[in-house]
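Colleague: Could you take one part of this model and go through it slowly, as you would for someone in a first year of study? I would like to hear what surrounds that part and what packs against it.

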Amino acid sequence: MKKRTKLITTILLAVSVNVSYGGENCLPPDVGSKQTPMDVFRCFQRVFDAQQDKIQALQEQIQQLVDTKADRVYEVIKGNFTWHEAKADAEKRGGYLATITSEAEWFFIQKMLGDSLLSDANIWIGATDEKDEGNWRWVTGEPWGYTRWNTSQPDNAGNAEHYLHIYASTGYNWNDLPNSYSHPISYLLEK
Ligand SMILES: [Ca+2]
Ligand SMILES: [Ca+2]
């Protein structure tokens, strides 16, 4: 139970910094402004409602994360792997290539790993469309839904990019790559 409470606290801390005020400007009306106090009130109400929706969605994600992954740990395994080598190595260690199935899980991973994740430019994670082009699947069979694709990705370049990796220089967005790549690629282990 203690572990769960710690997990929930950590995730809440991680997501709280990402909840913003929805980008709407609700400044009080200036003299001569056409904006009335009621306009300002309605603006704040919209911001509040949007926040509530976002917070509720994150709470649901956190609950799902706790229900399904309360005892999981994540670790960056440094090296120079092909995607299939990384998958086999993760299984040999009793885990699997990490599956990131919600925003809450991604925030948690970032919070948990910090610099050890940030320092690696390329990290394999556990999804592929090798069996059916464009039909991405997690290695665990978890439902495919949450994504962090970088702009214009996945592009299946050379008709050979079927493996998912996190690319640090794009703000940790996702890209598809071929199984074997010219730069060293570590991987994210989940177990
Ligand atoms: Ca592909
Ligand atoms: Ca690509």
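Modeller: Strand β3 and strand β4 (residues 137-138) pair in the antiparallel sense, joined by two bridges, and within this pairing A127 stands opposite W138 of β4. Please keep in mind that this is a predicted model. Strand β3 itself spans residues 122-128, and six of its seven residues are buried, so that the strand is mostly covered. Beyond β4, β3 has a further antiparallel partner in strand β5 (residues 163-167), to which four bridges join it, and there W124 has H165 as its bridge partner. With strand β7 (residues 186-190), in contrast, β3 runs parallel, and two bridges join these strands; here W124 stands opposite Y187.

The strands also have a helix packed against them, since the buried residues of α3 pack against β2 (96-97), β3, β5 and β7. Helix α3 covers residues 83-92, and its buried residues are W83, A86, K87 and A90. Seen down the axis of α3, these buried residues fall within an arc of 100 degrees, and therefore they line one face of the helix. This fits a general rule: an α-helix has 3.6 residues a turn, so residues three or four places apart point the same way. Just after α3 comes G94, which takes a positive phi of about 85 degrees.

Note on methods:
Residues numbered from 1 in each chain as written. Chains lettered and ligands numbered in written order. Predicted model: local features only at pLDDT ≥ 70, side-chain atom pairs only at ≥ 80, totals over all residues. Buried ≥ 20, exposed ≤ 12 C-beta atoms within 10 Å, placed from the backbone. Pairing = 2+ DSSP bridges. Arc of directions from axis to C-beta. Contact = placed C-beta atoms within 7 Å.
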